[in-house]
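I opened the model today to look up how its sheets are put together. My notes follow in the order I took them.

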Amino acid sequence: MYLKNISLERKEDADPREYPFSIPAVRSLTTLNFTSNVTFFVGENGSGKSTLLEAIAYQCGFNTAGGGRSNAYEVDASASALGRHLRLSWMPKVTNGFFLRAETFYNFASHIDTLPGSLPYYGGRSLHAQSHGEAFLSLFKHRFGGRAIYLLDEPEAALSPARQLALLRIIHDLEHDAQFIIATHSPILLGYPGAHICDFDAVPIRGIRYEDTLHYLLTRRFLDNRERVLQELFEDSEDDDSD
């Protein structure tokens with residue numbers, strides 16, 4: 001591991017009633033330690049996992065719209081409101097790496113098209129000339145490698161289940177030299193062996209077993225009892241409509 005822990009510094013202008021300190025997981029954060037080369041952030045939408053990952057990217061010097069230290073382009077609403085309050089502890093510090101932000105990946109692909117000679121690092125052709133999932137895998141296969149830290153925000157957004165397994169293989173091949181911190185909703189990705197899973201639905205943030213995550217429990221219940229789960233879901237919907 002390179003990044004050992006992160007700590008939150010509350011400055012005088014940090015209003016606990018305003019974003020991002022209005023998020024319970026962020027407001028309660030003091031220090032978060034990393035104990036594995038692969039760490040997952042899990043939690044419901046709005047729990048703060050992407051906000052914290054973006055703040056780490058900011059402190060790493062990565063473009064918070066997506067990219068590495070050398071990718072200079074701008075996207076509206078990509079600035080990190082939390083980044084300047086965060087402190088990172090390294091041993092040793094690395095400057096190589098990448099921040100994948102799924103929601104602004106289109107803008108990153110357009111940026112790469114403007115850089116002469118960059119395409120060999122992304123599979124040899126424009127990321128726009130590939131499907132969304134193919135472009136993500138091209139990035140992982142050709143851009144990732146060596147001593148680096150990789151921050152991935154919901155990479156499963158463009159990946160089929162089979163390609164999520166392909167991403168797990170890439171992580172496995174790289175984890176001895178690289179560190180991964182991944183915000184995800186995917187029960188497939190969360191199953192990576194030996195990973196540390198941080199639960200952002202808990203306050204303060206705490207480690208959680210894979211089998212105890214809501215993602216695993218809901219997915220298993222649905223697969224084991226699909227008809228019953230759907231029946232209960234639709235009955236609840238009819239009850240709401242009758243009210």
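I count two strands as paired if DSSP finds at least two bridges between them. The model is predicted, and I kept that in mind throughout.

**Three-stranded sheet.** With that rule I looked up an open sheet of three strands, ordered β2-β1-β4 and antiparallel in its pairing. Which strands stand at the edges? They are β2 (31-33) and β4 (86-90); each has a single partner strand, so one side of each lacks a neighbour in the sheet. I then checked the twist: neighbouring strands here are turned by 20° against each other on average, direction ignored. Next I followed β1 (residues 3-8), which pairs with β2 over three antiparallel bridges. I6 sits opposite L32 of β2. I also noted helix α2 (residues 49-60), which lies across β1, β2 and β4 and runs at about 65° to β4.

**Six-stranded sheet.** I moved on to an open sheet with mixed pairing, in the order β5-β6-β7-β3-β8-β9. Its edge strands are β5 (97-101) and β9 (206-207), each pairing on one side only. Helix α4 (residues 132-143) packs on this sheet and touches β5 and β6 (148-153). The direction of α4 makes about 175° with that of β5. Toward the β9 edge, I found two bridges between β8 (residues 196-199) and β9, which run antiparallel. One residue pair I wrote down is C198 with G207 in β9.

**Strand β6.** I spent some time on this strand. Is it buried or exposed? It is mostly covered, with six of its six residues buried. In a regular strand, side chains alternate between the two faces of the sheet. I looked for that pattern: A148, Y150 and L152 point one way from β6, while I149, L151 and D153 point the other way. All of these are buried. On one flank, β5 and β6 pair in parallel over five bridges, and G97 stands opposite I149. β6 is also joined to β7 (residues 178-183) by six bridges, again in the parallel sense. There L152 has I182 as its bridge partner. I traced the connection too: β6, helix α5 (residues 161-174) and β7 form a right-handed β-α-β unit.

**H215.** My last lookup was a histidine in helix α7 (residues 214-224). H215 has 14% relative accessibility, so I list it as buried; the cut-off is under 20%. What does H215 contact beyond its neighbours within four places in sequence? I listed V42, G43, T184, H185, P187 and L190.

How values were computed:
Residues are numbered from 1 along each chain as its sequence is written. This is a predicted model: local features need pLDDT of at least 70, side-chain atom pairs count only at pLDDT 80 or more; totals for chains, interfaces and linings use all residues. Side-chain values use heavy atoms; hydrogens and water are left out. Helices (H or I, at least four residues) and strands (E, at least two) are DSSP runs, numbered from the N terminus. Buried means under 20% relative accessible area, exposed over 50%, partly exposed in between (1.4 Å probe, protein chains only). Contact means heavy atoms within 4.5 Å. Axes are lines fitted to C-alpha atoms, for helices over the stretch in contact, and angles run from 0 to 180 degrees between N-to-C directions. A crossover is right-handed if, with the strands pointing away from the viewer, the path from the first strand over the helix to the second runs clockwise.
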